[in-house]
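Reader: I would like to learn how to read helix packing in a model. Please take me through it step by step.

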Amino acid sequence: KYDLAVIEYDLFLQKYPGHDKSRTALYKKGLALVEQNQPQQALTILNQVVKEFPNTSEAANAQAKVRELGAAARRPAR
């Protein structure tokens, strides 16, 4: 149900743009996009978390996920 999660996170972010939970919603949206096999969109969102919410746990987790996705993209296909 990751497609529904992405929609719900988008609705939350539109309705409550300055909310304390915005950074968490954006980060979780990025994770949901990863699970939907949409790595480019996920990277965009995760990098947005890092840029907009530096020095937060969400930014640190997003950076780790970006590195993980980058490493996966560089692995040779089997």
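Author: What follows is a short walk through the helices and loops of this predicted model.

Reader: Let us begin with one helix. How many residues does α3 have, and what span is expected for it?

Author: Helix α3 covers residues 39-52. It has 14 residues, and from its first C-alpha to its last it reaches 20 Å, close to the 20 Å expected at 1.5 Å a residue.

Reader: What does the same check give for α4, at 1.5 Å a residue?

Author: Helix α4 runs over residues 57-74. Its 18 residues should span 26 Å, and its end C-alpha atoms are 26 Å apart, which agrees.

Reader: Next, burial. Why do residues three or four places apart point the same way in an α-helix?

Author: An α-helix has 3.6 residues a turn, so residues at that spacing point the same way. Now the case here. In α3 the buried residues are Ala42, Ile45, Leu46 and Val49. Viewed down the axis of α3, they fall within an arc of 95°, so they line one face of the helix. The face turned away from that buried side carries the exposed residues Gln40, Thr44 and Lys51.

Reader: Which residues of α4 are buried?

Author: They are Glu58, Ala59, Ala62, Lys65, Leu69 and Gly70. Looking down the axis of α4, these buried residues fall within an arc of 140°, so they too line one face of their helix. Arg67 and Arg74 are exposed on the other side of α4.

Reader: What do the two buried faces pack against?

Author: The buried residues of α3 pack against α2 and α4. Those of α4 pack against α2, residues 22-35, and α3.

Reader: Then take the pair. At what angle do α3 and α4 pack, and how far apart are their axes?

Author: The angle is about 145°, and the axes are 8 Å apart. The crossing of α3 and α4 is left-handed.

Reader: Which residues meet where α3 and α4 pack?

Author: From α3 come Ala42, Leu43, Leu46, Asn47, Val49 and Val50. They meet Glu58, Ala59, Ala62, Gln63, Lys65, Val66 and Leu69 in α4. Sorted by class, this contact has 9 nonpolar, 2 polar and 2 charged residues.

Reader: A single residue may help. Which residues does Val50 touch?

Author: Val50 is in helix α3. Leaving aside residues up to four places away in sequence, Val50 touches Ala59, Ala62 and Gln63. Sequence separation can be set beside distance in space: Val50 and Ala5 are 45 residues apart in sequence, and 21 Å apart in space, C-alpha to C-alpha.

Reader: Glu58 is on your list for α4. Why does Glu58 count as buried?

Author: The cut-off for buried is under 20% relative accessible area. Glu58, in helix α4, has a relative accessible area of 11%, so it counts as buried. Not counting residues up to four places away in sequence, Glu58 touches Arg23, Thr24, Tyr27 and Val49. Glu58 and Tyr27 are 31 residues apart along the chain, and their C-alpha atoms are separated by 6.4 Å.

Reader: And on the side of α2, is Val34 buried or exposed?

Author: Val34, whose place is in helix α2, counts as buried at 19% relative accessibility. With residues up to four places away in sequence not counted, Val34 touches Ala42, Lys65 and Leu69. C-alpha to C-alpha, Val34 and Lys65 are 9.4 Å apart in space, with their positions 31 residues apart in sequence.

Reader: What is the relative accessible area of Lys28?

Author: Lys28 is in helix α2 too. It is partly exposed, with a relative accessible area of 40%. The C-alpha atoms of Lys28 and Ala59, 31 residues apart along the chain, are separated by 11 Å.

Reader: That leaves the loops. Where is Asn37 found, and where is Asn55?

Author: Asn37 lies in the loop between α2 and α3, and Asn55 in the loop between α3 and α4. Backbone angles are worth reading here. Asn37 has a positive phi of about 60° although it is not a glycine. For Asn55, also not a glycine, phi is positive at about 60°.

Reader: Are these two asparagines buried or exposed?

Author: Asn37 is exposed, with a relative accessible area of 65%. Asn55 counts as exposed at 82% relative accessibility.

Methods. Residues are numbered from 1 along each chain as its sequence is written. This is a predicted model: local features need pLDDT of at least 70, side-chain atom pairs count only at pLDDT 80 or more; totals for chains, interfaces and linings use all residues. Side-chain values use heavy atoms; hydrogens and water are left out. Axes are lines fitted to C-alpha atoms, for helices over the stretch in contact, and angles run from 0 to 180 degrees between N-to-C directions. Helices (H or I, at least four residues) and strands (E, at least two) are DSSP runs, numbered from the N terminus. A crossing is left-handed if the near helix is turned anticlockwise from the far one by less than a right angle, and right-handed if clockwise. Contact means heavy atoms within 4.5 Å. Ala, Val, Leu, Ile, Met, Phe, Trp, Tyr, Cys and Pro count as nonpolar, Asp, Glu, Lys and Arg as charged, and the others, Gly among them, as polar. The expected span of a helix is 1.5 Å times one less than its number of residues. Buried means under 20% relative accessible area, exposed over 50%, partly exposed in between (1.4 Å probe, protein chains only). The arc is that of the directions from the helix axis to the C-beta atoms.
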